[in-house]
Amino acid sequence: MIRLLLSFLLILSSAATALARQTETLDTGKVTASIVSSLDSVQPGGTVWIALRTELDEGWHTYWQNPGDSGEPVQLSWTLPPGVEVGSIAWPLPYPIPTGPIVNYGFEGAPLFPVEMTIPAEVEIGETLSLKLDFYYLVCADICIPEEGQLTLELDVGEPESDPIWGPQIEAAVLESPRGGDITGAAEVSNNQLMLTFKNLPVGQVSEAYFFPFDQGVLGHSTPQNLRRGEAGIALTSAPEFLWTDGIAETVSGVLKYTLDGEVRSEVVSLATAMSLDIGAEQISGASIGLLAAAMGALLGGLILNLMPCVFPIISLKALSLAKTAHGDRAPARHSAWAYTFGVLVTFAVLAAILIALKAAGAQIGWGFQLQSPKVVGLLALLLFVIGLNLLGLFEIGTRLQGAGEGLVSRGGLSGSFFTGVLAVIVATPCTAPFMAGAVGYALAQPAMTTLIVFLALGLGFALPFLLLGYVPGLLAKLPKPGPWMETFQQVLAFPMLAAATWLVWVLILQVGANGTGLLLIAFLLAALAIWLLRLQSAVMKGLAVIAALGAIALPLSLTAGSQAVQSATLNSEAWSPERVAELRAEGRPVFVDFTAAWCVTCKVNEQLVLKTDRTKALFEKTNTAFLVADWTNRDVQIAAELERYGRAGVPLYLAFPANHDDVKGLVLPQTLTFSILEGTLG
Amino acid sequence: MKTLFTATAAIAVLAFAAPISAKIANGTTVSDMTVTDSNGVQHNLSDFKGKRVVLEWTNDGCPYVQKHYNTNNMQTLQKEVTMDGDTVWLSVISSAPGKQGYVSGEGANALTRSRGAEPTAVVLDPSGVMGKTFAAKTTPHMYIIDESGTLVYQGAIDDNSSSRESTVASANNYVRAAMADLDAGRAVANADTAPYGCSVKYP
């Protein structure tokens, strides 16, 4: 019975081989392997593609000729009849396979490894050629198993006849295997950054690109390759590896995989080392989803900025001036709206230019940076205080102190609108609205032109409501008519100004301590004195007023950051450092990191509503969560670097490392925290 | 509005996908760190100043590690290097709990006994902090820190990346060559090589 069954199986399997030229399949463990042929029979002097076909278990992979950070390539060793010659493997296009922090190059599924064989002319028709293959591969999921086997394919000599099953498949695999083409390339290291440049790509829009070097030591396999498109080519930046210090050859070769107009292509490219190709000016139009999305995000972020508490006083001031011009002729309102927009855009452009310049100079800088300088904080507090006095009616708008900032802002006409725009931007910057952080982080990591575009989009979003007011008469008509209420309204607006000044004074206390803040209060006194003196109709008094005003301005300029930054937190907190996070993580403790600054309103709101509450304290105690604070009130290179690592240019940033979280990078929590988010993450 | 949110999400993804390559360059001073060995003893890397330190990343389940232990290659090298007492050999296990190669202190000691290994100590690094500091990628992955605390070698143990035991005898051992260079007061000739083997089983 068993014998009968066996012979039946034998018949079945020989029937199968008759259909297609292939060996039996060999199960080596995680892989089943077989040899397949493109031809059922080959003619004397002809060529034939023979392939090792491997079918991998789900979740397992084998390796390309350069396996990446670990692993070992698939290896074939042929024993062939005399005269039969074999070429090298036509490798399939590999995939980067990340395992934790390690990146490998390899294959999943059922890759074919074809080689071309040349049959000598001397073989006789009717002969059978034995093609013997010893193969070896390392197959890995999270663990690795070396597997090997031996198979022999019997190939008939005769009229060449394509194999109905394997012929087309092998042909396709050979066609898809990357080969040389028109693309030229170069590789260069500068500032410890590896730049690969490619030219002569086919015409079209490149959306993705990755270079697989044939050799180890050319680039860091686990370092992402960042794509930049030029008019004449593309560039990839990555990290150089040891060959660049050990001595690199004149050319390095590999496979460039790229997506052109949505289609994945690949080509073997030889890169000349120690030079780069000019890929032309940055391609803006193509840029595509990344830049377009960033610009849209920035526009949205700019709109939301209007609602931020530190901007609102300025905005309401602007609303007041619009209310004044809203009636009668519409043109002035329109001009005023454009002047305001222009002021906003110019300021954003200047900010972008400063950021680009500082970034180029290698400085670590972030959003909200202006308010990290006590001089700026002091002057701004003084300015807001004086505007407050102005709004209360202590002195009149637009008739005196024309040169000073507050005069510029509150004076009517186009220049007033322009400077309102300028001031609004300056005051807005510390409020990193949730939408903005991503856009600015993206912009800072991008070329200068992108940074500028994103910043201008941010500005446009910021100015949009006023532009709208200028153009939609319906909205303008809804503004209340001028009357005695305006004086009251103006006086009411003084209080947000004074509140903002108070907040800035508090920021200054954290920055420079009591003595420095004392100086600022003296400046307030001098400013008030100067304003009062100016009301007296005497040349002497006016002279004194100028002296007092100069003193008021000089005092904030003398402020320098002290070391007395005060950490206020009712939670048991400790200072943040990457080492401390690693230590606590090693102890298995959950960690929560609060990247904050005294001048960051969103941070303060989150602290008051969520972090500094009893139930949060209880949650942290219950879960034994360590609370680390990274205080960015004064500039700090390490904190700036960490923010950049998470793609942020400003605070707040909240990171949670729950006990069961095993990624090195923490979970990034939303910028508007709630207790339930904390509880859901840490609890 | 929905597209705006999608756009914003796209930015967020772009902004966050920025891991950092943290390889320590040869010639830099290795920053101090505290590590715990299989007997629960804590060591500071700075404790070994004045001695040479060899680091060996290992995982007993990895075929490439097995190649060097089954052929007695690793044990011989450990013995040879630590014999004069001026060199410390630390075998480091960075496998996370539940992953291949993870062992308790007792388990690590049993492995050392059964294999006849002679490291100065076996460091347990289940959190992967030490491994990631050195950017250890494979098992084995070898490092040599000189007497002044400077990293002078990193990479493979030898130049044959096969897992076949038969290849060990004829391979050129980079660690042995580097130690000879250092003994002779020369700069290490092959100081940075491509490590090979299994990936380190990080958490």
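User: What's the volume of the second largest pocket?
Analyst: This is a predicted model: local features need pLDDT of at least 70, side-chain atom pairs count only at pLDDT 80 or more, and totals for chains, interfaces and linings use all residues. Residues are numbered from 1 along each chain as its sequence is written, chains are lettered from A and ligands numbered from 1 in the order written, and side-chain values use heavy atoms, without hydrogens or water. A pocket is an open set of points on a 1 Å grid over the protein atoms alone, with protein on both sides within 12 Å along at least five of seven lines. Filling the points, joined across faces, edges and corners, with probe spheres (1.4 Å) gives the second largest pocket about 550 Å³.

User: Which element gives the most to its lining?
Analyst: The lining (residues with an atom within 4 Å of a point) has 28 residues, and Pro92(A), Leu93(A), Ala173(A), Glu176(A) and Ser177(A) lie nearest the pocket's centre. Elements (DSSP runs: helices of at least four residues, strands of at least two) that give two or more are E10 (112-118), H2 (166-176), E19 (251-260) and E20 (263-273) of chain A. With 5 residues, the top contributor is E20(A).

User: Which domains each supply at least three residues of that lining?
Analyst: By class, this lining has 16 nonpolar, 4 polar and 8 charged residues. Domain bounds come from an automatic or database assignment. The two domains, both in chain A, are domain 1 (14-176) and domain 2 (184-283).

User: Where does the largest nonpolar core lie, and why there?
Analyst: A nonpolar core joins buried (under 20% relative accessible area) Ala, Val, Leu, Ile, Met, Phe, Trp, Tyr and Cys through side-chain atoms within 4.5 Å. This one has 58 residues, with Ile50(A), Leu52(A), Leu76(A) and Trp78(A) among those with the most contacts inside it. Strand E11 (128-140) of chain A brings the largest share, 6 residues. Both domains of chain A give residues to this core, so it lies between domain 1 (14-176) and domain 2 (184-283).

User: Which residues does Leu76(A) touch, leaving out those up to four places away in sequence?
Analyst: Leu76(A) is one of the residues with the most contacts inside that core. Touching means heavy atoms within 4.5 Å. Its partners are Leu52(A), Ile89(A), Phe113(A), Val115(A), Leu133(A), Asp134(A) and Phe135(A).

User: How many residues are in the second, separate core?
Analyst: Look around Trp576(A), Val581(A), Cys603(A) and Leu673(A), which belong to this core. Its residue count is 35.

User: What share of chain A is buried?
Analyst: Chain A has 19 helices and 25 strands. Out of its 683 residues, the buried share is 50%.

Technical notes:
Buried < 20%, exposed > 50% of the residue type's maximum accessible area, 1.4 Å probe, protein only. Nonpolar A, V, L, I, M, F, W, Y, C, P; charged D, E, K, R; others polar.
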